[in-house]
Amino acid sequence: MADEKVIEKLKELWTKYEEIDGKFDEEMDPVFKEPYYPGVAEKLFNPDKPMENRITDIGPPYFRQFLPPIIKKNYGKWVSHEIIQPGVLKYESETGDVIYVVRCGTPRLETTDYIREICDIADKYCDGYVRWTTRNNIEFHVDSEEKLKALIEDLKNRKHPNGSYKFPIGGTGASVSNIVHTQGWIHCHTPAIDASGVVKSIMDELFEYFGSHKLPAKTRLALACCLNMCGAVHCSDIAIVGIHRKPPMVEDDRIQHVCEIPLAIAACPLGAIKPATVEIDGQKKKTVRVNAERCMFCGNCYTMCPAMPIADGEGDGIAIVVGGKVTNRISPPKFSRVVIPFIPNEPPRWPTAVKWIKHILEVYSQHANKYERVGDWIERIGWEKFFELTDIPFTEKSIDDYRLAYTTYRTSTHFKFTKHIEIK
Amino acid sequence: MDKAELKQKILEVMEAKIKKGGKTKIYLKDLQREIPGANPREIKNAANELVREGKLEYFSTGSTVMFGLPGVGMGLEAGVEKPEE
Amino acid sequence: MSEIKKHDTPMVDQLKSGPWPSFVDDIYSYGEKHKKQCAFDLMGQLELSYKHKETHWKHGGIVGVFGYGGGVIGRYSDQQEKFPSIWAFHTIRVHHPAGKWYHTAALRKLCDMWDHRGSGFVNFHGSTGDMVLLGTTTEQLEPVFFDLTHQFHWDLGGSGSNLRSPACCMGKSRCEWALFDTQEIDYELTMHFQDELHRPAFPYKFKFKFSGCPLDCVAAIARADLSFIGTWIDEIQIDQEAVKAYVNGELKPNAGAFSDRDWGPFDIKKEVIDLCPTKCMHWDEKEQKLYINNKDCVRCMHCIAVMPKALKPGKDRGVSILIGAKSVILEGAQLSTLLIPFMRLEPPYDDVKELVYKIWDYWMEVGKNRERVGELIQRIGLNRFIVDVMGMKPIPQHVRIPRNDPYIFWREEEVPGGWKRDIKEFRKRHPA
Ligand code: HEM
Ligand code: SF4
Ligand code: SF4
Ligand code: SF4
Ligand code: SF4
């Protein structure tokens, strides 16, 4: 089609959208039936008149148009569910309808070809409908046991060239579900560690726990590659956080030109940054000085000012936190706590970090009661017991000294005698 | 203060900051401090309208957004440094 | 094609093996198939990061497309010479549909657009919820936006000091425990607050999350400035026959979530009654009947999750609204704090919108740069926030325990006679 014709067609479709305020429900927005036209944006966008043809503030498509008909029909009418095998759920509605759901892990970082393969599967078995979960899993929905069998068989046989599963099935019930994670060295400017590589290494090692229900309760893992914590690591059963250990450097000759110095100063939560002036080649330059004694290596200054780089191959690494959770089930939500303050970066497979995570998971699995999340188990046995059972060396780094630290001190004579107490 | 006045005032504040050799990018909060008579929501609306008119531009610090005069101070592309002051 | 330049990536290549889906295999296969240099450059730069144990990305000031103060994150490689195809490699956040359901017609078209205009790499999804398109140049930003709006009727998500893309659990679309329509309110508020989502309005970011029940599958209580969590006010619905079926082992406890380990036969006393946090349940062995003292129930969902076919949440449903969650930056991590114990929801959710404006107006006025609303409440005190700002009545539900220090900031009008006193009169009674 000539571009002019396409633009006319798109205008028609836009009018249709506007007529119903985008609330496509029974029928999908016909705009998705049109193929993608690569050249028209250049025709519509005029750099000299940027407001011309500009559509703004329309939000995402109305969700109901993407619901499978059986989901729409039974919306709010589901009565029960059952996990018939790890990764496979069955839902029953009050209307008598039944659906089966297959949940698969994904690496979250993926290509359009991987998404297209998901589309192939959804087209073949699910009338084109597919859903993602909050933990980067995909869910395929089918309405019969025959389709379910064929779908599972198909998914099991899809592999990448070097043998990894494209769509491992699992993530339900008392399993380790997919890791919620962040960008790392693939795409962020502030990380202390990689994300995708660490996650791949951990999930390879914990693979059997993704596709089975043998843990005492569901176990949520998360990873954030710096203290900005784009992933929800502060409330996870076991999580990894990237940390720095060297104060930022200051580029005296550049800072004045690439940063707003007052902002860099204000960025520091501990007031460790002060303004300064230096002379370079006889010229006075504005810069800053960092009080290294005060620095807690949070990296806020670098977020605001590129002339204060903080990353360092030897200084940076992993901290492991455990015992947090989000759900209100049995006990209230709680924060994760630092148990291993530092493990060096060991690309490409981070063996030390992976070993400790697997070890913590297995000690938990061996000792916790049914339904007990990692944090509930530790609270029952006591943190001193946790350190003893896991053989994680307790260091002064696990004693809080930030805000509200006092609330974490032991202010009673209730403690257990573990190997940590040396009696003369 | 009506919107036109408010917009004028915002531009004046920005220019005054630059003349003083201070900041070239400022937060909504800073505008609020400089224009105490106006309500924060109106300042926000006026500043955002100035962006649409091309008289101000947004600048990302990584996690927050600031306002600046187009072409003044740190450039939008990385590695493009602000001109010698 | 000869112009494709490949790099040696021995360390990155080690991530091709093992059972978990390999992003390295995926990216390399894509690069080979589409002859895209950026696939090889991205892996090359990752290899360099593995060698240096440091990132090679830097950040620019770009925030969005014309008139938008969010939705785009500027990204540049510091290895322009080595990896020129990823020198400018910006991220675009595309607002996910509520509940993250899709049809392949939309997904395939998006893939075609992104092959044409960007790297072909994506995150499904970012941790806030958006679809994340990873990697394109500055010149492509406007065309991508024009494509999205004209050819998909689809908008960008939030970033920076904006309202971020709200997120919700799948709710009524598939979950029997959804106590309100999480997807509908997510959509309605998303549309109502488009201006705040696309243009900076606040001292810092603001997030809404909606979970249909207290199990909180979208982690609203840990990750949202305003968390909406479904709850009920009346009685848990009990099907005594089904309870018996669980007790007799005819039904699988917890819907089969513990199937791969022998935990012994189901023991209702040990697994339900004793684990109830308020001990408000009783199993009468003789009568074979379950009793719940609903007045003491805190709606933790445990008993319901263990015996989903026997127990259901009550019928009088609404939400609890909590405020102020965030992770550690800057003042330390916070969970959301209970603000409104119970509110019934009715589209178009006018009382929720009113509440939101009230909170925002105050935060915009009093909040400091980069201060999340949860930190602001800490600074001024939850008591002042509830009473002075929200104009609400303080109730014991607002705290876990009352304060232990009597350092109370009394107001002058609360004390008979006020604070103005006459020292001379005082000295008449108490000679110095
Ligand atoms: C009808 C039953 C349930 C449904 C339909 C449901 C649905 C979901 C889904 C689809 C996810 C994303 C899962 C994934 O990606 O693997 C999820 C995550 C989650 N679910 Fe559930 N769930 C149910 C029961 C539970 C139970 C019993 C608990 C508590 C023990 C729970 C707490 C959570 C939590 C904490 C997350 C993770 C949230 C995060 O960290 O982002 N859910 N749920
Ligand atoms: S956690 Fe930190 S390093 Fe990782 S993606 Fe977020 S900001 Fe970047
Ligand atoms: S790393 Fe954090 S504590 Fe250290 S100087 Fe920078 S902002 Fe301050
Ligand atoms: S939060 Fe509750 S209602 Fe929503 S999906 Fe999870 S279990 Fe279901
Ligand atoms: S929901 Fe929780 S508190 Fe309420 S009766 Fe069940 S187990 Fe007890």
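**Note on the B–C interface and the ligand 1 site**

1. Four salt bridges are counted between chain B and chain C. One pair is Arg41(B) with Glu196(C), whose side chains meet at 3.6 Å, N to O. That distance falls inside the 4 Å limit for a salt bridge. Bear in mind that this is a predicted model.

2. Polar contacts add to the picture. Ten residue pairs are in polar contact across the interface of chain B and chain C, with both residues at pLDDT 80 or more.

3. Which elements of chain B supply the side that touches chain C? Two helices and two strands each give at least two residues: α2 (28–34), α3 (40–52), β2 (57–60) and β3 (65–68). The largest share comes from α3(B), with seven residues. Arg41(B), of the salt bridge with Glu196(C), falls within the 40–52 range of α3.

4. The make-up of this side is mixed. On chain B, the residues touching chain C comprise ten nonpolar, eleven polar and six charged.

5. Now the extent of the contact. Chain B brings 27 residues and chain C brings 35 residues. About 2400 Å² is buried between the two chains. Carbon and sulfur atoms give 54% of that area.

6. Where does ligand 1 sit? It lies between chains A and C. There are 23 residues around ligand 1. Those that come nearest are Thr133(A), Arg135(A), Asn137(A), Ser177(A) and Cys217(C).

7. The shell around ligand 1 is also mixed in class. It has seven nonpolar, seven polar and nine charged residues.

8. Three side chains of chain A deserve a look for their polar atoms. Asn137(A) places one 2.6 Å from an oxygen atom of ligand 1. Arg103(A) has one 3.3 Å from an oxygen atom of the ligand. For Lys218(A), the partner is a nitrogen atom of ligand 1, at 3.4 Å. Asn137(A) is also listed among the residues that come nearest to the ligand.

9. What is the only protein donor of the iron atom of ligand 1? It is Cys217(C), through SG, at 2.4 Å. This cysteine lies in a loop of chain C, between β9 (208–211) and α8 (220–223). Chain C therefore supplies the protein donor, given the 2.8 Å limit for donors, while the three polar side chains of point 8 belong to chain A.

10. Points to check in the model: the Arg41(B)–Glu196(C) salt bridge, the Asn137(A) approach to a ligand oxygen atom at 2.6 Å, and the Cys217(C) SG to iron distance of 2.4 Å.

Terms used: Residues numbered from 1 in each chain as written. Chains lettered and ligands numbered in written order. Predicted model: local features only at pLDDT ≥ 70, side-chain atom pairs only at ≥ 80, totals over all residues. Heavy atoms only, no water. Contact = heavy atoms within 4.5 Å. Buried area = accessible area lost by both parts, 1.4 Å probe. Polar contact = N/O pair within 3.5 Å; in protein donor to acceptor, adjacent residues only side chain to side chain. Helix = DSSP H or I, 4+ residues; strand = E, 2+ residues; numbered from the N terminus. Nonpolar A, V, L, I, M, F, W, Y, C, P; charged D, E, K, R; others polar. Near = heavy atom within 4 Å. Donors = N, O, S within 2.8 Å, 3.2 Å for Na, K, Ca; no water.
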